[in-house]
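Visitor: Good morning. Could you show me the model that we are to discuss?
Guide: Certainly; here it is.

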Amino acid sequence: MRKNQFIGVTFVCVCLWVVVTYYLFLDRPLNHKPDQKQNQIEEHLNLLESKLKEQFLDGEKLLQDLKSIVKEQQLSVKASEDRGVGEEEQLGRQQEEEEDEQINQVRLLAKQILPDGGPVIAVLVFACNRITVSKCIDQLLKYRPSRERFPIIVSQDCGHRPTADVIELYGDEITRIEQPDQSDITVPPKEKKFKGYFKIARHYGWALNYTFFKFNFETAIIVEDDLDIAPDFFEYFLGTYPILKRDPTLWCVSAWNDNGKVGLVDENAPDLLYRTDFFPGLGWMLTKSIWAELAPKWPSSYWDDWVRQPEQRRNRACIRPEISRTRTFGKIGVSNGHFYEKHLKYIKLNEKFVPFTQKNLSYLLKDNYDVQFVKQVYESLVVSYQELKSGSIVSQGSVRIPYHTNDIYKRTAKMLGLMDDFRSGVPRTGYRGVVSFLYKGRRVYLAPNANWKGYDPGWS
């Protein structure tokens, strides 16, 4: 109807223009008198005027109708927008409530008293964009002796939906949290290709804060999404937990031996443990008190090398095993497979279950360990690499190869198949500068002089 009225108005206007133009300019017959022509024009104009008034009256009504429709649409849009804002606020409140509920539920797990009075230790898995995180989670669930003692938290970064879908498949077997800050990170121009390390440090800081300060766990085991674990992984950490809590000269327990390749470890001694000044990582346990110390100064990148610095280590050591309780299957990552082909893929993963909770591990306490360790190392027969390699050593027992400079250490370590690098002057697996390993079935110590004065950060 409204469309027809608009067409009518337009038609009348056009007709009026045509008639006036015709009579004024085109119609010039000689036999017509001026007064007759004028009368004809006036008649047509009157007719058109009446039609035009009718149309304009309808048009005015049409205009009012259109205004009403526009107003209704504006009110509808505003109501929709208000409803959208309300729904968004409601969704935000709902998400906050769900997060609070999750936090409260996990806090109950953290503070529960177990029948044996033992600790509750969170297992914090760091994930990003590997759907193979399922391999890691499956092994944790397989070997976990108690859901109550070892709640599993999977913290995801990167916003990778396929990985999130995999993690969500585990339901209430785990707790999933997600690093919320996905903004880009500004890095120095020379370090653009290492941006991944900056994102990892951000993720670690956020997730550890969440685990210790929101969930309120007192102890946590850190696991990355590309790790295989040994059958006694949980037993190892549960057995060493009392030593970590008792000895203030320890700050972590690690499941990893940096020099744990086949041929360099004693596969007949899976129960053998060491103290080490080098932070191994790759499956490690720390306490809330240690994190409270590190958190305020947490670095923006390269967090693992940062914790190896003297300012963070503060002459404290970690416990590490003879045979690793973890092994990485993540060849591809931010390190682009660095060390993997030459070293990491040869790490021996322990296969024999050791009941660490039933063993007396007090020998790892500093006052006990140092005396025995120093005695064992410096009473060992001094030999050269050539003698060791040739097999010409007649006596049985352990031997010692001395080193005096970082260059000598590096050359010797490389010949022996050891990791030859330093971090803040500390060699991998080193304790008091000594690196212990097996060579052709014999215990060997690559060691500095007995009057060792401490690590030199300049050796890095």
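Visitor: Which residues line the largest cavity?
Guide: This is a predicted model. In it, the largest cavity is lined by Val374, Tyr378, Arg432, Ala450 and Trp452.

Visitor: How do those lining residues divide into nonpolar, polar and charged?
Guide: Four of the lining residues are nonpolar and one is charged, while none is polar.

Visitor: And how much space lies in that cavity?
Guide: The largest cavity holds about 30 Å³ of space. The structure has one cavity of 30 Å³ or more.

Visitor: Let us turn to pockets. What volume does the second largest pocket have?
Guide: Its volume is about 540 Å³. The lining of this pocket comprises 19 residues, and those nearest the centre are Glu98, Gln102, Thr175, Arg176 and Ile177.

Visitor: Which element gives the most to that lining?
Guide: Helix α2 does, with eight residues. At least two residues each come from α2 (34-111), α4 (161-168), β3 (175-178) and α5 (195-214).

Visitor: What is the mix of residue kinds there?
Guide: The lining of the second largest pocket has seven nonpolar, five polar and seven charged residues.

Visitor: I should like to hear about β3. Which residues are on its covered face, and which on its uncovered one?
Guide: Thr175 and Ile177 form the covered face of β3, whereas Arg176 and Glu178 form the uncovered one.

Visitor: How many bridges join β2 to β3?
Guide: Four bridges join the two strands, which run parallel. The chain passes from β2 through α4 to β3 in a right-handed β-α-β crossover.

Visitor: What stands opposite Thr175?
Guide: Ile153 stands opposite that β3 residue.

How values were computed. Residues numbered from 1 in each chain as written. Predicted model: local features only at pLDDT ≥ 70, side-chain atom pairs only at ≥ 80, totals over all residues. Heavy atoms only, no water. 1 Å grid on protein atoms, 1.4 Å probe; cavity = no way out; pocket = protein on both sides within 12 Å on 5 of 7 lines; lining within 4 Å. Points joined across faces, edges and corners; volume = space filled by probe spheres on them. Nonpolar A, V, L, I, M, F, W, Y, C, P; charged D, E, K, R; others polar. Buried < 20%, exposed > 50% of the residue type's maximum accessible area, 1.4 Å probe, protein only. Pairing = 2+ DSSP bridges. Right-handed = clockwise from strand over helix to strand, strands pointing away.
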